[in-house]
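These are some notes for a colleague who has the sequence and the coordinates open. Please read each point alongside the structure.

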Protein chains: 2
Amino acid sequence: MVAIIGNGNVAFHLFQAFKEKTEVILVNSHTMENFPENPDFVMICVSDDAINAVSKKIPDTKAIIAHTSGCTPMDILNHRGENTGVFYPLQTFSKEAKLNYKEIPVFIEGRNPEVVAKLKKLASLFSDDIREVDSFTRKRLHLSSVIACNFTNALMGIAHDILSESGIDYSVLLPLMKHTIEKLNYLSPKEAQTGPAVRGDSKVIKEHIKLLEDKPEFLNIYSLLTKYIETNNVK
Amino acid sequence: MVAIIGNGNVAFHLFQAFKEKTEVILVNSHTMENFPENPDFVMICVSDDAINAVSKKIPDTKAIIAHTSGCTPMDILNHRGENTGVFYPLQTFSKEAKLNYKEIPVFIEGRNPEVVAKLKKLASLFSDDIREVDSFTRKRLHLSSVIACNFTNALMGIAHDILSESGIDYSVLLPLMKHTIEKLNYLSPKEAQTGPAVRGDSKVIKEHIKLLEDKPEFLNIYSLLTKYIETNNVK
């Protein structure tokens, strides 16, 4: 039995991922009213700020207690003793989105090897990619996923705004974006880089800057990333 | 018969896209030595800076002459008369990459409706998504694709560098990235935004900034995009 504490997107999707594989219950993080009798695992799926408070509200239990945060060290759960660890699924979770849970890498940390083994076994119920990492490495993974995923989505928002001025839906970019990611299965980001900055095509860059003249926020982002590619990616 | 002038990635892939559908030949842009007798179309697939010079070297022909650049206006070909236009495939082209040509949107512009119709018909040989746009709109499309595709690839390069310090291959991020793009088929970028910046999770952001203290270039990019999401995307 897995008790998932939380009301957000991670709790929702972990519940979906587990529900056909094992007994699982969603527990309200504020009231804890439906906390089960003897769970085997308690997964804390709340915002980083709330992990400590929630971990103190969990009733006495022999279960393994794990949080699911990329950025919070394992030792935040030390006050709950030896049966504690981390279960970090690396994915972006929106309730509206359908996920292929098999593909989600899960990063495990545990206070002792027994906890690690049990959390790995739990992860194997849905994931094909399970790894053990320490808290510091997990933080780097989290930072990388923010830079890769959250920032890419923000760039798509900027593209959306620029295209909507011409009445074009941003979805026209989705085949390009799909391929941009697919390429990285067999080319490194350095090898895969294309565009005016890596070509040193200053004429095109000037044209783009002109288009962004009245959008200082976009222009700052354009200039900084263009400079980054020019400096680091010249072929 | 389609004559494709150019030695780069666009020339290579247009040749691949056409070769099973129609007669096509690759022409060396420097020598023009293998320019065919009576082509129906001449596609100029060279860097923006070279379009003008190449267009002057093309032998007299009744063919439709089109360039393939996102950022160059159609009128650069005015000196070749009425039978001129633009054939802009919106995709990132690396020679090593396999492409699904059907999915590539092609944006057409022509000096007159007859040229537009002929270029559209040509595009339909491989693409399922053909649209007519003017030079200004095409420039916006090109800018958007640079922001979306080239910059995302640069962000993946940064994630690559951060992860390699922990001995982790950046490929661990690819399921996340695949899903980040897939989500945009049914959520707008604003709806799809996740992460500490949109949640207002300043504790996590501080941790990330600490990790980037000795990498000022990454830190600048992190700070600027985080601020952009905080300002524009608050839910």
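1. In this predicted model, chain B contains an open sheet of seven strands, arranged in the order β2-β1-β3-β4-β5-β6-β7 and paired in a mixed fashion. The edges are taken by β2 (24-27) and β7 (130-132) of chain B, and because each of them has a single partner strand, one side of each is left without a neighbour in the sheet. From one strand to the next, the twist averages 25 degrees.

2. Several of the pairings in chain B can be followed residue by residue. Strands β1(B) and β3(B) run parallel and are joined by four bridges, with Ala3(B) standing opposite Val42(B) in β3(B). On β4(B), the pairing with β3(B) is again in the parallel sense and extends over four bridges, and here Phe41(B) has Ile64(B) as its bridge partner in β4(B). Strand β4 (residues 64-67) of chain B also pairs in the parallel sense with strand β5 (residues 84-89) of chain B, over three bridges, where Ala66(B) stands opposite Gly85(B) in β5(B).

3. How are the faces of β3(B) covered? In a regular strand, side chains alternate between the two faces of the sheet. On one side of β3(B) lie Phe41(B) and Met43(B), on the other Val42(B) and Ile44(B), and all of these are buried.

4. Two helices of chain B that lie across the sheet deserve a look. Helix α1 (residues 9-19) of chain B lies across β1 (2-5), β2, β3 (41-44) and β5 of chain B, and runs at about 165 degrees to β2(B). Helix α4 (residues 135-164) of chain B, for its part, lies across β4, β5 and β6 (106-110) of chain B, running at about 20 degrees to β5(B).

5. In chain A, Ser29(A) is found in the loop between β2 (24-27) and β3 (41-44). Is Ser29(A) buried or exposed? Its relative accessibility is 6%, and because buried means under 20%, Ser29(A) counts as buried. Its side chain makes a polar contact of 3.1 Å with the side chain of Asn7(A). Neighbours within four places in sequence aside, the residues in contact with Ser29(A) include Ile5(A), Val46(A), Val54(A) and Lys57(A).

6. The aromatic pairs come to 14 over all chains. One of them is formed by Tyr101(A) and Phe126(A), whose ring centres are 6.3 Å apart and whose planes stand at 75 degrees, so the pair is edge-to-face. Because Tyr101(A) lies in the loop between β5 (84-89) and β6 (106-110) of chain A, and Phe126(A) in the loop between α3 (113-123) and β7 (130-132) of chain A, the pair ties together parts that are 25 residues apart in sequence. Both Tyr101(A) and Phe126(A) are buried, and ring pairs link them with Phe18(A) and Phe87(A) into a cluster.

7. Another edge-to-face pair is that of Phe218(A) and Tyr228(B), at 6.1 Å centre to centre with 65 degrees between the planes. Since Phe218(A) belongs to helix α9 (residues 216-232) of chain A and Tyr228(B) to helix α9 (residues 216-232) of chain B, the pair joins two chains; both residues are buried.

8. Chain B and chain A bury about 8800 Å² between them, and 68% of that area is on carbon and sulfur atoms. Of the area that chain B buries against chain A, 8% is supplied by Arg140(B), Phe151(B) and Tyr228(B), more than by any other three residues. The contact takes 91 residues from chain B and 90 residues from chain A.

Notes:
Residues numbered from 1 in each chain as written. Chains lettered and ligands numbered in written order. Predicted model: local features only at pLDDT ≥ 70, side-chain atom pairs only at ≥ 80, totals over all residues. Heavy atoms only, no water. Buried < 20%, exposed > 50% of the residue type's maximum accessible area, 1.4 Å probe, protein only. Polar contact = N/O pair within 3.5 Å; in protein donor to acceptor, adjacent residues only side chain to side chain. Contact = heavy atoms within 4.5 Å. Pairing = 2+ DSSP bridges. Axes fitted to C-alpha atoms, helices over the stretch in contact; angles between N-to-C directions. Phe/Tyr/Trp six-rings, centres within 6.5 Å; stacked < 30°, edge-to-face > 60°. Buried area = accessible area lost by both parts, 1.4 Å probe.
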